[in-house]
Amino acid sequence: MRNETRGTVELTLAMVLSGTLGVFVVESGASPFTVVFFRCLFGALALGLYSLVRGFFTGHGFTPRTFGLAALGGVFIVFNWVFLFEAYEATSISLATVVYHTQPFFLVLLGAVLTRERISAGRLGWLALAFAGLVLVSGVRPGDTASLKGLGFALAAAVLYALATFVTKRITGVRPHLVALVQVLVGLPLLLPFAGFGELGGIGGGWAWLVGLGVIHTGLMYVLMYAAYAKLPTAKIAVLAFTYPAVAMGVDWAVYGHHIGLVQALGVPLIVLASLRVTLSGARNTAPGAVRDNPDLSPSGSAPAPAAAPAPRTAGHAPEAASPVATRAG
């Protein structure tokens, strides 16, 4: 199998897995804080074992500064998961997922605010188009507080993921698997006071879903994504990333009978198109060669925003840590 073909298969599989995340969250029967705590626990075990077997702890490359940045990114990542899972409960997996994919635009705005990076007229136009799509997709009517609450949670998750990306992009010389490991480990003490352990006695088979969130959606999915980014061109990564919301919407309809209305459906392609354009323009604006030297950078300058929201790429030194794009995960 050719290298690019293998990468395509790996990333497609990772995005399909991302699309099933919502079902695992809902079927676990646990509250969002509890779900995220155990996702961090089982995810840390999976990533830690993989990194140990691959010998990643030897010459890990962490410095006090990069470790601190990874930990800070972890704070943003774990609360991003909490808000996203809250959005699933308040609205639907479909709506929460589409709104969550406004993350690249928040990264652009963060760049403008924190680094005084100029936003081109073209990007402003795509931001406006995405906002129009967001208004259509939300389908929120006056007095519809549940949908409005869900929309707010999904937007908060997108902002937190953009912050995690912004911070993690500044880490160099560390494998992305180890950055992701630090981030989920940070979630354990952070979420411990909020996890509802008293509810665990009644979840029964929910334990299997919680283990799956850690092993499948955090361990296996991250490994597949990081391996795929080393093999694929920017355009293909950007396009394949939208397999995730498509699968999530299909799964939400097949399992729970949820589907978005006609007006909402009109907003989906606006957000997808605008996100894709911002992603690709971000990659074009990256200095030649920077993407190969800075593997964490993904198509939009941010990590792809799957619900799983893997740690944004870092400038790792291993072949599978290298991405051909300038940093966009989940």
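Reader: Is Phe57 buried, partly exposed or exposed, and what is its relative accessible area?
Author: This is a predicted model, where local features need pLDDT of at least 70, side-chain atom pairs count only at pLDDT 80 or more, and totals for chains, interfaces and linings use all residues. Residues are numbered from 1 along each chain as its sequence is written, and side-chain values use heavy atoms, with hydrogens and water left out. Buried means under 20% relative accessible area, exposed over 50%, and partly exposed in between (1.4 Å probe, protein chains only). Phe57 is partly exposed, at 37%.

Reader: How many salt bridges does the structure hold?
Author: A salt bridge puts a side-chain nitrogen of Lys or Arg within 4 Å of a carboxyl oxygen of Asp or Glu. Glu10 meets Arg6 this way, at 3.3 Å, N to O. Lys231 also pairs with Glu10, with the closest N and O atoms 3.0 Å apart. The count for the structure is 2.

Reader: Which residues are joined into one network by salt bridges that share partners?
Author: Glu10 is buried, at 10% relative accessibility. Arg6 is partly exposed, at 43%. Lys231 forms a salt bridge with Glu10. Salt bridges with shared partners make one network of Arg6, Glu10 and Lys231.

Reader: How far apart in sequence are the parts that Lys231 and Glu10 tie together?
Author: Lys231 and Glu10 form a salt bridge. Lys231 lies in the loop between α10 (206-229) and α11 (234-240), while Glu10 lies in helix α1. Helices here are DSSP runs (H or I, at least four residues), numbered from the N terminus. So the pair ties together parts that lie apart in sequence by 221 residues.

Methods: Helices (H or I, at least four residues) and strands (E, at least two) are DSSP runs, numbered from the N terminus.
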